[in-house]
Each structure stands twice: as structure tokens, then as C-alpha cells.
Amino acid sequence: AVLAGSTLNIFNNHAERVRMANLAQCVNVLQAVILTDKTKMLLTPTYHVMKMYAVHQDAKLIPLTFESPLYTFNDKSLPAINVSASKDAKGLTHISLVNVDSKKANKIEIDLNELGIKTVTGSILTSSKLQDHNTFDNPTKIQPTVFKGFEIKKGKLEIVIPPFSVVTLEGK
């Protein structure tokens, strides 16, 4: 899910060059969105991320400037948070964030005044353990839930993004 979200953020942030992207294979493959076993079927975390990111389709990219905390592993570092944002035809702003840090929650702040946003709702895809996944015995182990890890203070949105999670926010 985190890899899928990070990849989609890259695609979104380069919308002037990436006009279309798709999955060559969707079922019963590596990074599948759906797994089947005879008459059983389950939706994977990758499916849920793709559904969460559907809000960016046919929307206008909002260019962002952003300073991410670093995630360090084996003496290598990369940004812990990646993000993309867009505004749809209805005037709704969507912000998608991914925390790739497997151990640490990260806090960021977004200036809502610049975006003209007064209210925010959100969804999150995360799990308590990095190794968790959906199985045929527990097909809903990982699925989106309402995200409440944010607070609006004086026109600023303060967000705490849990380790290894994908968050999509909608602002009006």
C-alpha cells in the first residue's frame, strides 16, 4: 500500500508528463489489487490505495512545496513523507500523504488559508504491524478507516501520520 501510494504521488506530481498510467495485470500477481482462490476473492491494500487516490482523476494538480522529515535505514536516508494534491471540478481539494517510516509517526503542517479550505475530512490505510496483510481467512484486516489524526489551528492543519500509512484528505 505504501509503495503504491508513493508511486501514485510521483505520477500525480509529474502530471504534466505522465498523462496515463495503468497496471498490466491486476489479479493474482505481485502487487495485485485482487486475489482469488477458487470461489473466494479479497481486495488487497493496493486496491484500497488505488480507490483512495481515485479522487485525483481528472483533477488539476496543486503544486506543493514541502519539507519532509527523513527516514533513515542502514545509513541511507530518504524523505519519510511524500505528498500530492489536486483540486477537482467541484472545487474540492484532495491531499494524499504517505509515511514510509515503518517505526515513527511524523507530524506535518499545511496552510489551509492558501488553499481556501475551511473543513477537512480524511481516510487512512494502516495496520499495527508492518507484516500485516489481507488473507482469505481475514480479508478485511487492512482497509481504509476514518482518519482523525489532524487538528485545525488558526488556519493551519496539523497532521500526525502514523508509521507506514497512507492518508487521503478532502478539503472544502
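This report describes the nonpolar core, one helix pair and several individual residues of a predicted model.

**Nonpolar core**

The largest nonpolar core of the model comprises 31 residues. Within this core, the residues with the most contacts are Leu97, Ile159, Val166 and Leu169. Two helices, α1 (2–13) and α2 (45–53), each supply at least two residues of the core. The strands β6 (81–87), β7 (93–99), β8 (106–111), β9 (120–125), β12 (156–161) and β13 (165–171) likewise each give at least two.

Leu97 can be followed through its contacts. Not counting residues up to four places away in sequence, Leu97 touches Ile159, Val166 and Leu169, among others. The contact list of Leu97 also includes Tyr53, Ile81, Asn82, Val83 and Ile108. Ile161, Ser165 and Val167 are further residues that Leu97 touches.

Ile110 is located in strand β8. Ile110 has a relative accessibility of 14% and therefore counts as buried, the cut-off being under 20%. Leaving aside neighbours within four places in sequence, Ile110 is in contact with Ile95, Leu115, Gly155, Lys156, Leu157 and Ile159. Ile110 and Arg19 are 91 residues apart along the chain, and their C-alpha atoms are separated by 27 Å.

**The helix pair α1 and α2**

Two packed helices are described by the angle between their axes and the distance between the axes. For α1 and α2 the angle is about 30°, and the axes are 9 Å apart. The two helices are therefore roughly parallel to each other, since angles under 35 degrees count as such. Their crossing is right-handed. On the α1 side, the contact is made by Ala4, Gly5, Leu8, Asn9 and Asn12. On the α2 side, Thr46, Val49, Met50 and Tyr53 take part. By residue class, the contact of α1 with α2 has 5 nonpolar residues, 4 polar and no charged.

Thr46, a residue of helix α2, counts as buried because its relative accessibility is 7%. Leaving aside neighbours within four places in sequence, Thr46 is in contact with Ala1, Ala4, Gln31, Ala32 and Val33.

Phe11 is found in helix α1. With a relative accessible area of 31%, Phe11 is partly exposed. Once neighbours within four places in sequence are left aside, Phe11 is in contact with Val18 and Ala21. Phe11 and Ala21 are 10 residues apart in sequence, and the distance between them is 7.9 Å, C-alpha to C-alpha.

**Residues with positive phi**

Most residues other than glycine have a negative phi. Asp58 has a positive phi although it is not a glycine. Phe164 also has a positive value in a residue other than glycine. Asp58 is placed in the loop between α2 and β3 (60–61), and Phe164 is found in the loop between β12 and β13. Asp58 is exposed, whereas Phe164 counts as partly exposed. The values are set out below.

| Residue | Phi | Relative accessible area |
|---|---|---|
| Asp58 | Asp58: about 60° | Asp58: 81%, exposed |
| Phe164 | Phe164: near 45° | Phe164: 33%, partly exposed |

The loop that holds Phe164 runs between β12 and β13, and both of these strands supply at least two residues of the nonpolar core. The loop that holds Asp58 follows α2 and leads to β3; α2 is also a supplier of at least two core residues.

Terms used. Residues are numbered from 1 along each chain as its sequence is written. This is a predicted model: local features need pLDDT of at least 70, side-chain atom pairs count only at pLDDT 80 or more; totals for chains, interfaces and linings use all residues. Side-chain values use heavy atoms; hydrogens and water are left out. A nonpolar core is a set of buried Ala, Val, Leu, Ile, Met, Phe, Trp, Tyr and Cys residues joined through side-chain atoms within 4.5 Å. Buried means under 20% relative accessible area, exposed over 50%, partly exposed in between (1.4 Å probe, protein chains only). Helices (H or I, at least four residues) and strands (E, at least two) are DSSP runs, numbered from the N terminus. Contact means heavy atoms within 4.5 Å. Axes are lines fitted to C-alpha atoms, for helices over the stretch in contact, and angles run from 0 to 180 degrees between N-to-C directions. Angles under 35 degrees count as roughly parallel, over 145 as roughly antiparallel, 65 to 115 as roughly perpendicular and the rest as oblique. A crossing is left-handed if the near helix is turned anticlockwise from the far one by less than a right angle, and right-handed if clockwise. Ala, Val, Leu, Ile, Met, Phe, Trp, Tyr, Cys and Pro count as nonpolar, Asp, Glu, Lys and Arg as charged, and the others, Gly among them, as polar.
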